[in-house]
Amino acid sequence: MIRKPLVIFVILLVCALLETALLSNVVFLPVVPDLLLLVVLYISVQNGSLTGEATGFVSGLLLDFLTAAPLGLNCLLRTLLGFFAGLFHDVLNISKIMIPAMLALIATIAKAIIIGFISFFFPNGVITYDLFSASFGMELLFNVILAPLVFAFLSLFSSFLISDKEISR
């Protein structure tokens, strides 16, 4: 009962530390790929909206504590993305390459649009993406390329990450 949430938390923590402490300090990387977003997408699509929301919230909370982002920004953003990705539970076959790549593409663009919408209400506190900049294009490319790899890696631990049934809403 406690095993699945604990394993998910450990994976989120490792990805958050990897993303914020290690990858953000690599000088030859122009941007940092959003590994936490990819993990949230995988868990959401495999388990449904409720688990997606919870996973998104916890990953956002970890990211808020480890970065200089306003507290709650990543929680809100990733909770929304986890919920909407969870709506495709039992609909998408994510064992191939194209579906994870398309999910990463759509989620990364949605992330930028949601942050832009939130920055409309908090213009001084939120750093937005320029959808037509090279840095956003590089993050989008990294996420799209890494999504099938991350999904394949996480599928190795599917017995720990995927529940037998989802509590319906």
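**Why these labels?**

Biologist: Why is Leu17 called partly exposed?

Modeller: In this predicted model, Leu17 has a relative accessible area of 41%. Buried would be under 20%, and exposed would be over 50%. The 41% of Leu17 sits in between, so "partly exposed" is the label.

Biologist: And where is Leu17 placed?

Modeller: In helix H1. Leu17 also helps make a nonpolar surface patch of about 970 Å².

Biologist: What makes Leu17 open enough for a patch like that?

Modeller: A patch residue needs over 30% relative accessible area, and Leu17 has 41%, so Leu17 clears that cut-off. Its partners include Ile2, Phe9, Val14 and Leu71. Two elements give two or more residues to the patch: helix H1 (3–22) and helix H3 (49–66). The largest share, six residues, comes from H1.

Biologist: Now to another leucine. How do you know that Leu149 counts as exposed?

Modeller: Leu149 has 55% relative accessibility, and exposed means over 50%, so Leu149 gets that label. Leu149 is found in helix H6. From Leu149 to Leu38 it's 9.9 Å, C-alpha to C-alpha, though they're 111 residues apart in sequence.

Biologist: Why are H2 and H6 called oblique to each other?

Modeller: The axes of helix H2 (residues 35–47) and helix H6 (residues 134–155) cross at roughly 50 degrees. Roughly parallel would need an angle under 35 degrees, and roughly perpendicular runs from 65 to 115. Roughly 50 degrees fits neither, so H2 and H6 are oblique.

Biologist: How close do those axes come, and which hand does the crossing have?

Modeller: The axes come within 9 Å, and the crossing is right-handed.

Conventions
Residues are numbered from 1 along each chain as its sequence is written. This is a predicted model: local features need pLDDT of at least 70, side-chain atom pairs count only at pLDDT 80 or more; totals for chains, interfaces and linings use all residues. Side-chain values use heavy atoms; hydrogens and water are left out. Patches are made of residues with over 30% relative accessible area and no salt bridge: like charges are joined within 9 Å, nonpolar side chains (Val, Leu, Ile, Met, Phe, Trp, Tyr) within 5 Å. Accessible areas come from the Shrake-Rupley method with a 1.4 Å probe; for residues, only the protein chains shown count as cover. A salt bridge is a side-chain nitrogen of Lys or Arg within 4 Å of a carboxyl oxygen of Asp or Glu. Helices (H or I, at least four residues) and strands (E, at least two) are DSSP runs, numbered from the N terminus. Buried means under 20% relative accessible area, exposed over 50%, partly exposed in between (1.4 Å probe, protein chains only). Axes are lines fitted to C-alpha atoms, for helices over the stretch in contact, and angles run from 0 to 180 degrees between N-to-C directions. A crossing is left-handed if the near helix is turned anticlockwise from the far one by less than a right angle, and right-handed if clockwise.
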